[in-house]
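Welcome, and thanks for taking a look at this one with me. My notes below are meant to be read beside the model, point by point.

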Amino acid sequence: MPDTAALDAFRTEIADWITSACPPALRGRPISEDRIVWGGRKWQFQDDDQKTWMQAAIARGMTAPRWPVEYGGAGLSRAEEKIYREELERLQAPPPLESFGLWMLGPALLEFGTHAQKLAHLLPVTRGEIRWCQGYSEPGAGSDLANVQTRAEDMGDHWLVNGQKIWTSYADRADWIFALVRTDRDAPKHKGISFMLIDMNSPGVTTRPIQLISGKSPFCETFFDNVKVPKSYGEDNPSVVGQVNRGWDIAKYLLTHEREMIGGGARGLLGGRSLGQFLGDLDGALDNPVTRAEAMRIEVNALAFAMTMERYKDQAEAGRGVGNASAMLKYYGTELNKERYELLMSAAGSEAVEWDGPHGSLAPEWLRTKANSIEGGTSEVMLDIIAKRVLELPNS
Amino acid sequence: MTSLLETEDETMLRDAARGFLADAAPVANLRANRDQGRPFDTALWREMAQMGWAGVLVPEAQGGADMGQRAAGILAEEMGRTLAASPFISSAVIAATTLRAAAGQHSADALAAIAQGDLLYAIALDEGRKHAPLNTTLAAEKSGNGFRLSGTKAFVADGGCADRVLVLARTAGGPGEAAGLTLFDIPADRAGLSKTARATVDSRDHAQMVFDGVEATGDEVLGTLDDGWALLSRGVQAGQAAVAAELLGVAGGAYGMTVGYLKERKQFDRTIGSFQALQHRAAHLWAEIEVTASAIANAGRVLDATPAEAGLAVSLAKARAAQTVDLAVREGVQMHGGIGMTDAYDIGFYMKRARVGTEWLGDYGYHAAQVAAARGF
Ligand SMILES: Cc1cc2nc3c(=O)[nH]c(=O)nc-3n(C[C@H](O)[C@H](O)[C@H](O)COP(=O)(O)OP(=O)(O)OC[C@H]3O[C@@H](n4cnc5c(N)ncnc54)[C@H](O)[C@@H]3O)c2cc1C
């Protein structure tokens, strides 16, 4: 059993800190995409409060609570981090900083990077100075990600990168990109890929935004046209993370990480309102037995799924990894979220079909959920992973 | 039961419609409408009228083609396949069916103009977020020889472009009662009637209509005072069957695009259509579409043969169509993978129209409940 007395003390301490460090005006607002603090060179705060809060968090390592202190984190345990998140939610304080650097580059470097790489790249991430984007998918490499064709040719002191990425979120606002590039065209698919860190300011990098069925999006196509990437950014700080041609291991590691995140994202809804609150506000929404049965079914599943998320997180914390079962979380959570939005659309009826009607952005949100079961690996790919690696069923 | 097979004439109509729409109204047309902010292409509607589509339910005496509800369903289905936007269902189906049942000189004149494509109608019916015609509260109060209409209609399809409006109002009784509902046929530019366009995801013409003491004369009552629903429900049922047919077409269009993509797209050095997981789902979708097609054909046949007893057939069609189109567009987007989510690809347009068409004149839950009631449970 964890030391509950110490954790209780930690809870009090962290709650006090949040209360004093997070400006009151930031608290109690509905969570919304456009209030996220992303950081980076091009970043502009919407108000001074956001800046105050982020800087207070940086000073305490709380932009990356679980990272080691030397790389800008706070070195918290999983139990402490969980308490921190709970207190943020209870006190209705927003996360001080979010980014792909925190979510993805960090975990990759912490696992596979050199000390110099961590120092050079992680500190600026925790301080909100550098914003990263992820360069994985390509038009011909989606489910079959290992089919990436963006090439990095060895030119002695630098790599020469050519190719196209797609679905790079916020590529137009990011400072750096971590990309999967092919460094050996003769090796088998999975054995010729490297995980490369590239400055988006390099000549030859361009981006083009993607419009989604739900409207404007942060996604871009990113083009590399004879981009020169130095072999090294300093002593023991190569531009390739891990071994050259072994980038697939890192990609796989990160995908597992990303899946847990996306599966868990299925909770927040309509600025934090629960299903019951939303439906309760719609007079007569549950009068029809079909809608009512659907609402009940979804709530039952959502509650049990939330418990499953917790159970798996605890299991991971206990040192018994979740492994391929993360595919289940990703699959189940995203399918559930889509069902939930279908229900909301149906309950709100003709009021829901406007781009910006009585229920605000419900319609674009609903359309956007359709990508949940595609981004980060499709539901079919998740089921395939479960079938092959968890159930150990034979190949066809 | 008459045969659900198409007659030779119906097959010819379908082939002609499919050929015409593929050329004249591909999805690119809807995209252009959206980008230019117009609800439909008036030149296209004119062509449809010239081919007799606007008059498909209008008697020959008024210049119509008088081909029947099954034929109207075939046209709606083909329009659904390419998402062709037009005021067809509101004017040529619902208004035409209602006016024809109403008879009289006004109706004859209106039908003649509808057949020419010169007169557009909108049906001002639902007031809340779900289809519930008997809950109409928009009040029509006696005023001199006529009436004053006050209230709001929330979701009026083709309301923005309509020349005239069929508006259901309450002259007696209370919510839930059919008795006491009266149908009015008034010009859309009547003083006191204001329209607000609703920017819906399907980029079609939908409006909210507010009636603020709108004057209507006694002559503008269509059918019988306090018994308007008996008349309008004929038109609404025809409309439900036509929307169901359109949704079947939407499902078919989405299915066609998707199967085409399954045969083209390669991942893991294979055509994705070779993965059995996808094959079975595509096959299942095809099965659902086949089953729904029967319900659609049946609704048309029953409406033509025994329109007074078409409730079950129509609700069965709309319930099935709502379920099937939902499956078709969800599978469509999912099986396209990432590009299915992009505006640059057409599949998303199918999903948007499916959502709006499903709500229009009753969703799955509404019609499934009607079926249950008609079947005695
Ligand atoms: C909104 C959005 C955000 C995204 N964000 C990112 C991002 O930040 N970074 C990034 O790198 N990528 C991102 N992606 C890309 C995403 O990861 C890919 O779209 C996804 O992996 C699917 O690849 P694809 O689009 O090429 O579809 P395809 O792989 O072509 O798949 C098409 C269909 O075939 C199915 N299929 C494929 N293989 C099999 C199989 N073996 N068995 C059964 N069915 C199969 C798929 O499940 C899908 O239904 C994003 C995509 C979207 C839509």
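1. Which side chain of chain A meets B:Arg355 in a salt bridge? The partner is A:Glu342, with N and O 3.6 Å apart. A salt bridge here is a side-chain nitrogen of Lys or Arg within 4 Å of a carboxyl oxygen of Asp or Glu. Between chain B and chain A the count is five salt bridges.

2. A word on ground rules before going further. This is a predicted model, in which local features need pLDDT of at least 70, side-chain atom pairs count only at pLDDT 80 or more, and totals for chains, interfaces and linings use all residues. Residues are numbered from 1 along each chain as its sequence is written, chains are lettered from A and ligands numbered from 1 in the order in which they are written, and side-chain values use heavy atoms, with hydrogens and water left out.

3. Back to the two chains. Contact (heavy atoms within 4.5 Å) involves 36 residues of chain B and 39 residues of chain A. The buried area is about 3,200 Å², and carbon and sulfur atoms give 58% of that. Buried area means the accessible area (1.4 Å probe) that two parts lose on being put together, summed over both.

4. There are also 21 residue pairs in polar contact between chain B and chain A, both residues being at pLDDT 80 or more. A polar contact is a pair of N or O atoms within 3.5 Å; within protein, one must be able to donate a hydrogen and the other to accept it, and residues adjacent in sequence count only if both atoms are side-chain atoms. On the chain B side, helices H8 (276–305), H9 (311–336), H10 (347–359) and H11 (364–374) each supply at least two residues. The largest share, six residues, comes from H10(B). Helices (H or I, at least four residues) and strands (E, at least two) are DSSP runs, numbered from the N terminus.

5. How do the residues on that side of chain B divide by class? They are 13 nonpolar, 10 polar and 13 charged. In this scheme Ala, Val, Leu, Ile, Met, Phe, Trp, Tyr, Cys and Pro count as nonpolar, Asp, Glu, Lys and Arg as charged, and the others, Gly among them, as polar.

6. Now look inside chain A. Its domain assignment gives domain 1 (4–98), domain 2 (131–246) and domain 3 (265–390); such bounds come from an automatic or database domain assignment. The C-alpha centres of domains 1 and 3 of chain A lie 26 Å apart. Six residues of domain 1 of chain A touch five of domain 3 of chain A, and the area buried between these domains is about 420 Å², 41% of it from carbon and sulfur atoms. On the domain 1 side, A:Ile31, A:Arg78 and A:Lys82 lose the most area, together 82% of what that side buries.

7. A:Lys82 also appears in a salt bridge with A:Glu310, where the closest N and O atoms are 3.3 Å apart. The interface of domains 1 and 3 of chain A has two salt bridges. Elsewhere in chain A, A:Arg11 and A:Glu86 form a salt bridge at 2.9 Å between the closest N and O atoms. A:Arg11 lies in helix H1 (residues 4–21) and A:Glu86 in helix H3 (residues 78–90) of chain A, so this pair ties together parts that are 75 residues apart in sequence.

8. Chain B is divided into domain 1 (8–120), domain 2 (123–229) and domain 3 (230–374). The contact between domains 2 and 3 of chain B takes 21 residues from domain 2 and 16 from domain 3. About 1,600 Å² is buried there, with 67% from carbon and sulfur atoms. One salt bridge to look for joins B:Lys130 and B:Glu359, with the closest N and O atoms 3.1 Å apart.

9. Finally, a set of strands in chain B. Strands E2 (residues 139–143) and E3 (residues 146–157) pair in the antiparallel sense over five bridges; two strands pair if DSSP finds at least two bridges between them. B:Ser143 stands opposite B:Gly146, and in this hairpin, with two residues between the strands, B:Gly144 takes a positive phi near 60°. E3(B) also runs antiparallel to strand E7 (residues 206–216) of chain B, joined by nine bridges.
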